[in-house]
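Biologist: Could you walk me through this fold a piece at a time? I'd like to begin with the strands and then move on to the side chains.

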Amino acid sequence: MFDTCRIPGTLTDTVQHWQDSDYIAVYHRGRYFRLRVYQAGRLLSPRELEFQIQRILDDPSPPSKGEAKLGALTAGDRIPWAKARVKYFSSGVNKRSLDCIEKASFFVSLDDDDDGVTADDPASLDSYAKSLLHGKCYDRWFDKSFTIIYFKNGKMGINAEHSWADAPVVSHLWQHVLSTDCFQLGYNAEGHCKGEVDSSLPQPQKLNWEIPPECEEQISQSLAVAQALASDVDLHVFSFQDFGKGKVKKCRVSPDAFIQMALQLAYYRDQRRFCLTYEASMTRLFREGRTETVRSCSNESSAFIRALEGGEAAHVCRRLFHEAAEKHQHLYRLAMTGAGIDRHLFCLYVMSKYLGVESPFLKEVQSEPWRLSTSQSPMHVEMFDLVNHPEYVSCGGGFGPVADDGYGVSYSVLGENILSFNIACKLSCTDTSAHAFGAQIRKALRDLLQLLIPNQTEFKTEEKRPEAKKDL
């Protein structure tokens with residue numbers, strides 16, 4: 001998790017891990033700094049960290065030539081970045097500064113903009129998520145294992161590189177950070193971090209660069225590629241508070257299966273068709289296990305949705321729903337215990353390439369688009385008192401769109417009464433809309449509960465948006 005960076009290569013990238021670092025890399029207003037977090041063998045106090053960060057904020061020095069948007073190299077195409085790294089950053093001052101960033105414990109971006117959730121602006125959650133996902137495309141170091149982002153107004157969030165680990169690892173880290181900050185460390189009456197400051201702390205070290213014009217051109221090209229991708233992202237994040245897993249469990253249904261059936265229903269209503277659906281399942285029962293695919297669109301789920309949309313009797317729809325939910329749970333158990341099919345097929349595909357064996361079947365399977373890609377971000381809600389401190393509830397995480405004409409949906413189950421959704425698609429696709437799909441998801445959730453509990457009272461029409469004090 002720490003001291004880790006993705007290193008670009010012309011054939012393949014590598015994940016590099018170094019021994020424990022005693023500093024972090026900090027970006028602010030186009031400058032990069034090395035901030036040591038130890039003094040005489042001890043970790044700096046929160047007040048000392050605040051003091052050092054303030055020194056960076058107050059530093060008037062301008063960026064070096066070509067430094068301000070250097071991070072765009074990590075956001076563009078990989079092969080040009082790999083070649084530029086060898087050509088311009090393999091020796092001298094540039095190598096020393098690049099090593100400092102790549103070998104840092106992690107990366108911190110001090111944004112000069114205000115962002116975060118505001119109670120009077122429902123769209124603020126969407127812009128908050130977009131900023132954390134890609135920022136300005138040069139103010140994150142996307143190759144670092146994770147970047148912690150602080151906005152000017154004190155709101156914060158995290159951006160994680162995906163090759164070294166999956167969402168649960170980052171989620172656990174982030175919730176530990178939030179709960180420790182909110183309920184253990186705290187702040188003094190003036191709003192400062194607690195602790196004393198050692199007056200002999202050295203100044204944070206500004207990194208130096210010598211960027212030639214040819215490299216500046218490559219930075220500009222990478223930035224153009226990244227900004228085109230970022231500007232095409234349509235993101236919608238919302239908190240669903242009509243009901244949560246507490247009421248779903250009373251229906252004797254797995255909350256995950258319930259949500260997946262709602263996503264199938266929402267997608268069918270949105271597109272008037274079914275599609276290959278990806279749900280990420282953890283395989284962490286195995287050493288170095290990552291993910292397997294649950295194919296949530298099944299014969300059983302399709303039969304249920306056709307019956308529901310075709311006006312079949314309620315008792316028939318309820319029976320088909322439970323059959324579909326049970327099938328989903330069966331597929332999930334197979335996936336998490338190593339009996340899934342997609343990683344097996346991928347391994348066969350890789351072996352066929354290595355052996356030079358042509359397989360029309362494997363080629364077709366690997367080319368099929370996942371127009372609905374879903375993932376549940378696990379939330380360790382035991383770290384928070386959701387009843388007395390709802391303002392600290394995280395909205396979970398999300399990811400960018402996977403298919404050009406599809407949706408990416410990340411969702412979280414928060415306590416007993418809240419569900420959170422992060423929807424992504426591409427603006428360039430005229431057939432998809434994150435907001436429209438969000439509306440379909442809300443309606444599908446309500447309709448399914450109404451089906452399972454016929455005497456369900458009317459739902460709220462507007463989701464409340466508690467102001468999150470800290471993070472997304």
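Biologist: Which residue in β4 is the bridge partner of His-28?

Modeller: Bear in mind that this is a predicted model. In it, the bridge partner of His-28 is Arg-31 in β4, and the two strands involved, β3 (residues 23-28) and β4 (residues 31-36), pair in the antiparallel sense over six bridges.

Biologist: And in what order do the strands of that sheet come?

Modeller: The sheet is open and has six strands in the order β9-β8-β7-β3-β4-β10, with mixed pairing. Its edge strands are β9 (156-160) and β10 (205-206), each of which pairs on one side only.

Biologist: Which strands does helix α1 lie across?

Modeller: Helix α1, residues 46-58, lies across β3, β4 and β7 (107-110), and it runs at about 160° to β4. Helix α3, residues 92-102, also lies across β3, β4 and β7, with an angle of about 105° to β3.

Biologist: Switching to the other sheet, what is the strand order there?

Modeller: That one is an open sheet of six strands in the order β11-β16-β15-β14-β12-β13, again with mixed pairing. Strands β11 (233-240) and β13 (291-295) stand at the edges with a single partner strand each, so one side of each has no neighbour in the sheet. From one strand to the next, the twist averages 20°.

Biologist: How many bridges join β11 to β16?

Modeller: Eight bridges join β11 to β16 (residues 418-426), and the two strands run antiparallel. Within that pairing, Asp-234 stands opposite Cys-425 in β16. As for what packs there, α4 lies across β11 and β16 and runs at about 125° to β11.

Biologist: On to charges, then: what is the count of salt bridges?

Modeller: The count comes to 30 salt bridges. One of them joins the side chains of Arg-6 and Glu-161, at 2.8 Å from N to O.

Biologist: Why does that pair tie together parts that are 155 residues apart in sequence?

Modeller: Arg-6 lies in strand β1 (residues 4-7), whereas Glu-161 lies in the loop between β9 and α5 (167-185), so their salt bridge ties together parts that are 155 residues apart in sequence.

Biologist: Is Glu-161 buried or exposed?

Modeller: Glu-161 counts as buried, because its relative accessibility is 9% and the cut-off for buried is under 20%. Arg-6, at 27% relative accessibility, counts as partly exposed.

Biologist: What about Lys-136, which residue does it form a salt bridge with?

Modeller: Lys-136 forms a salt bridge with Asp-113, and the closest N and O atoms are 2.5 Å apart. This pair links distant parts of the chain, with Lys-136 in the loop between α4 (124-134) and β8 (146-150) and Asp-113 in the loop between β7 and α4, 23 residues apart. Both residues are partly exposed, Lys-136 with a relative accessible area of 35% and Asp-113 with 36%.

Biologist: Which residue meets Glu-358 in a salt bridge?

Modeller: The side chain of Glu-358 meets that of Lys-363 in a salt bridge, at 3.0 Å from N to O. Glu-358 counts as exposed at 60% relative accessibility, while Lys-363 counts as partly exposed at 45%.

Biologist: And which residues do shared partners join into one network?

Modeller: Salt bridges that share partners join Arg-6, Asp-13, Arg-78, Asp-143 and Glu-161 into one network.

Biologist: A backbone question now: what is the phi of Cys-137?

Modeller: Cys-137 has a positive phi of about 75° although it is not a glycine. Most residues other than glycine have a negative phi. Cys-137 is placed in the loop between α4 and β8, and it is buried, with a relative accessible area of 3%.

Biologist: Where does Arg-252 lie, and is it buried or exposed?

Modeller: Arg-252 lies in the loop between α7 (245-250) and α8 (255-271), and it counts as exposed at 78% relative accessibility. Arg-252 has a positive phi too, of about 60°, although it is not a glycine.

Biologist: Last topic, the surface: which residues make the nonpolar patch?

Modeller: Met-351, Tyr-354, Leu-355 and Val-357 make a nonpolar surface patch of about 460 Å². Among them, Tyr-354 has its place in helix α11 (residues 342-355) and counts as exposed, at 69% relative accessibility.

Key. Residues are numbered from 1 along each chain as its sequence is written. This is a predicted model: local features need pLDDT of at least 70, side-chain atom pairs count only at pLDDT 80 or more; totals for chains, interfaces and linings use all residues. Side-chain values use heavy atoms; hydrogens and water are left out. Two strands pair if DSSP finds at least two bridges between them. Helices (H or I, at least four residues) and strands (E, at least two) are DSSP runs, numbered from the N terminus. Contact means heavy atoms within 4.5 Å. Axes are lines fitted to C-alpha atoms, for helices over the stretch in contact, and angles run from 0 to 180 degrees between N-to-C directions. Patches are made of residues with over 30% relative accessible area and no salt bridge: like charges are joined within 9 Å, nonpolar side chains (Val, Leu, Ile, Met, Phe, Trp, Tyr) within 5 Å. Accessible areas come from the Shrake-Rupley method with a 1.4 Å probe; for residues, only the protein chains shown count as cover. A salt bridge is a side-chain nitrogen of Lys or Arg within 4 Å of a carboxyl oxygen of Asp or Glu. Buried means under 20% relative accessible area, exposed over 50%, partly exposed in between (1.4 Å probe, protein chains only).
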